[in-house]
Amino acid sequence: MPDTLTQASSAKPAGLAAVNDFVVKFANVNGSGSASANGLFAKSIIRMGVPVAARNIFPSNIQGLPTWYEVRVSGAGHLGRRGGVDLAVPLNPQTWDDDVKEISPGGYLFYDSTKPLPASKFRDDIHIIGVPLTAICNEAYKIPRERQLFKNICYVGALSWLINIDPAVVEQLLKEEFASKPKLIPANLAAFNLGRDWAKANLKPIGLQLQHSDAVGDRIFVEGNAAAALGAVYGGATVCAWYPITPSTSLAEAFTGYCEDFRTAEDGAKNYAIVQGEDEIASIGIVVGAGWNGARAFTCTSGPGISLMNEFIGLSYFAEIPAVIFDVQRGGPSTGMPTRTQQSDILLAAYASHGDTKHVLLLPSDPGECFTMGAQAFDLSDRLQSTVFVMLDLDIGMQEWLCEPFKWDDRKQLDRGKVLTAEQLEAGTFFGRYTDVDGDGIPFRTYPGTHPDKGAFFTRGTSRNRMAGYSEKGIDYQDNMERLLKKFHTAASLVPGPILRPASKKTRIGAIYFGSTTPAMHEALEALEAAGHHIDAMRVRAFPFSQDVYDFIHAHDEVCVVEQNRDAQLRSLLMIEGGIDASHLTSILHYDGTPITARFLFDAIGKRLDARKATRQITEKGPRQ
Amino acid sequence: MTYIVKPKLHHPSLPKNGLGFTRRDYEGRISTLCAGCGHDSISAAIIQACWELSIQPHRLAKISGIGCSSKTPDYFLSQSHGFNSVHGRMPSVLTGANLANRDLIYLGVSGDGDSASIGLGQFAHSIRRGVNMSYIVENNGVYGLTKGQFSATSDKGSKSKKGIENTESGIDLVALALQLGATYVGRSFSGDKDQLVPLIKGALSHHGPAFLDVISPCVAFNNHAGSTKSFDYVREHNEAVNRLDVILGRTPITTEYKAGELREVTQHDGSVLRLRKLSEDYDPTNRIAAANYLQERHAEGEIVTGLLYVDPEATDLHDRLGTTTTPLNQLGGGTLTPGAEALAKINAGLR
């Protein structure tokens, strides 16, 4: 959207003024204990009924490197990143210069003024608020660790005065947070008041203000990884094999926690098994073995893990074995960018492995969908007897998002797909492991150990006929591959369909987007509409694409495909699978590792459409034939 | 010979086991391996062992990787589900299968390339994880299906069929299995069925990770003079430490033995491993002594065979994880899904 406040002038602009609509960015040192204080800051605003989108930007490091926490306050409910910073809280000397540079003109700089800083470290066009945090805490606390930890709560206290966070809300949150360690409640509250009282005595509230609201409703604040793990519990997963990799590790850890709570019998027996594999290959091998044997199994990983798992993913496709993979996408190999977000595994996952393979991808856009798709993935993979990917990214997976509460219908039954029972086999039901009896490409299977003399078969990748007999005949191979393709077409009718968000006026311009881009995209669409750009938008939620997606593309002259990767991977997938002409699809790409912002989208799409309008005007003015 | 369908006619006088099955009921398809392949002898030994133990064929799952050895599960126990999986990855597939249903018997069949080269990691980790399985390596020291390259168990100095000498150290999977925590470790020779069948029976009735290294000469690529995995070489250098009998339930000792000649080990499930000692001081329940003995004899050029180590009190992965006794693949939605009420509480905790 247009940022009217960024028009700088030589005189100091008036302080930004807004109610329930601004961006605060904290800069901290990793490992300094700032995360819980920043979390308290964000959650207290939510408790005041004001929607918040909070994002932790962190390094590949345990202690010492810079980390940021960005809190977007949006009474209007925009949960994507907006772009720009209105109030900066740079508490890390390493990144001071960059942090100060980012502040919008007229914005505010809140800093620890214990040590004097030269004037060159500041800017003329922003408002400076110094609080001697270190001095205040050094005076109040003797133990160095306490001085550091309480300094974090202390700055939350000072900020609470400046932007009007309700102290009663903070007190209530601290009581809940430390319910099991009640001694810490008064200690933290004292530190909070230390900062708040100092600010009250020395500073005036700033132009950015909070007011109680009811815009949060009954929404919950949760990470996508935790939501996906809970989805796996509700989806009936019993076997989890995984290997630690950022940003997926917390998914396995959350699954472990939920299983301890909900899957442990009174006598302590566990209705689940979790194995930390020696690598990603073993992890997916365990999943495939368990899926073959009739348990619902999953692994969670990120791009490099998918690379390693390729051979098994292919086997799952050819041997028709259910497997669920949560891919929490991130940037680049090795360390560094892997703590940043991307949507860059789309092609890798869609066509993973050797030979002719294609896989089902689910594309959740928030933690709420991580839960529902996390559960649904197990039904789909049992039904389709194949790998199903749930494609999260770091932004959804590791950030807490405000989303609708999780819902579950107790009447829902797990769909175990086409499995013949001992009774059916005994009754003489026909069993041909790779025979398409229903015309949907999906054959029946049996679990090992079902019947003494009926239903056993030998599982191979390929080289088998419809009855699972060994065959190297070309005609048998081709017959099988055609059936697998038919099964993939069936998948298109089973996966979640796209969601259309039509423009308010009829338009020939469309946009396709997915996943964590969603909230920023919705905000940008509103702003673009206000600026006269009408766009029909479609959020795709799964691969294979349904016919609706192709129809949508054909119904528009130009369709912008928005993605967070360099190579326009979703666009390639649309072109390959739908035979769409390249000129029909315009790429809007954002892949620097930070979550895409509404301002970026407004600019990028707006520029494209302005250029298009200009071209059309020239064309239309040209001589008619 | 793949076009030949194996006849299913049984000779009426074939002996039957406790389930009323003859040995033929434990057979599979006709082997497509080379005539005289050691692996076929191992398949025959597996059939014999399962028949003698009266195992219900459908309650056993046979899982393999890729290679000559990994093809063999198709050649025995046709009423068992089988899985010819990924090269070097049988252990992880077996681990997953075992987690899904702890009530089946898991037989993992692998080769020296499959387990000592590409799959060394999975071999090691499945054993240290304590998966309840019988892991058999059909060890011929070469890659058969790709025509005779050295594998990682080839001894240094062993010659290939083309006369090239192996310059790399050989991996001793038995030594590794002992170190990694296998609770039943044996070595045998495909040419010694009398020794092999009881070792397989012991492995199948063992609760915990059981590992068998079975030297199985490759008649096509590794059965020549200069090879340390040829029939002749193994026969000449085979030093058995004991002879094993596996007894399910108590049966009286009928043969007379000299004092100290017989050693009985009762396993957790009540099965008895009756060992006739061939080496005076060999104690198969002492892991460290076993490892030392193996090293010493290996240095002398001997191939030590027999039941080399057993821990009768072994535990498995399920014991360690505390998994429920009901197989996980039989748990229904009622047990697995916490329900809407629990979800409402979770939601409340996230506000």
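Two strands are said to pair when DSSP finds at least two bridges between them. With that in hand, one pairing that crosses from one chain to the other can be introduced in this predicted model: strand E17 of chain A and strand E2 of chain B, residues 81-84, run parallel and are joined by two bridges. Within this arrangement, Phe458(A) sits opposite Gly82(B), a residue of E2(B).

It helps to step back and look at chain A as a whole. Its secondary structure amounts to 19 helices and 23 strands. The radius of gyration of chain A is 27 Å, close to the 25 Å expected from the globule rule for 625 residues, so chain A is as compact as a globular protein of that length. Measured out along the principal axes, its C-alpha trace spans about 85 × 85 × 40 Å. Of the 625 residues in chain A, 54% are buried. The contacts of chain A also reach far along the sequence: among those between residues at least 6 apart, 77% join residues at least 24 apart.The contact between the two chains comes next. Chain A brings 53 residues to it, and chain B brings 50 residues. On the side of chain A that touches chain B, at least two residues come from each of strand E9 (220-223), helix H7 (224-234), strand E10 (239-242), helix H9 (280-292), helix H10 (303-319) and strand E17 (458-459) of chain A. Helix H9(A) gives the most to this side, namely nine residues. Sorted by character, the residues on the side of chain A that touches chain B are 34 nonpolar, twelve polar and seven charged.

Chain B offers a small example of how a sheet is put together. Here three strands form an open sheet in the order E10-E12-E11 (chain B), with antiparallel pairing. Strand E10 (242-247) and strand E11 (262-266) of chain B lie at the edges with a single partner strand each, so one side of each has no neighbour in the sheet. From one strand to the next, the twist averages 20°. A closer look at one of the pairings shows that E11(B) and strand E12 of chain B, residues 272-277, run antiparallel and are joined by five bridges. Glu264(B) has Arg274(B) in E12(B) as its bridge partner. The sheet also has a helix packed on it: helix H7 of chain B, residues 193-204, touches E10 and E12 of chain B. The direction of H7(B) makes about 50° with that of E10(B).

Key: Residues numbered from 1 in each chain as written. Chains lettered and ligands numbered in written order. Predicted model: local features only at pLDDT ≥ 70, side-chain atom pairs only at ≥ 80, totals over all residues. Helix = DSSP H or I, 4+ residues; strand = E, 2+ residues; numbered from the N terminus. Rg over C-alpha atoms; globule rule 2.2 N^0.38 Å. Buried ≥ 20, exposed ≤ 12 C-beta atoms within 10 Å, placed from the backbone. Contact = placed C-beta atoms within 7 Å. Nonpolar A, V, L, I, M, F, W, Y, C, P; charged D, E, K, R; others polar. Axes fitted to C-alpha atoms, helices over the stretch in contact; angles between N-to-C directions.
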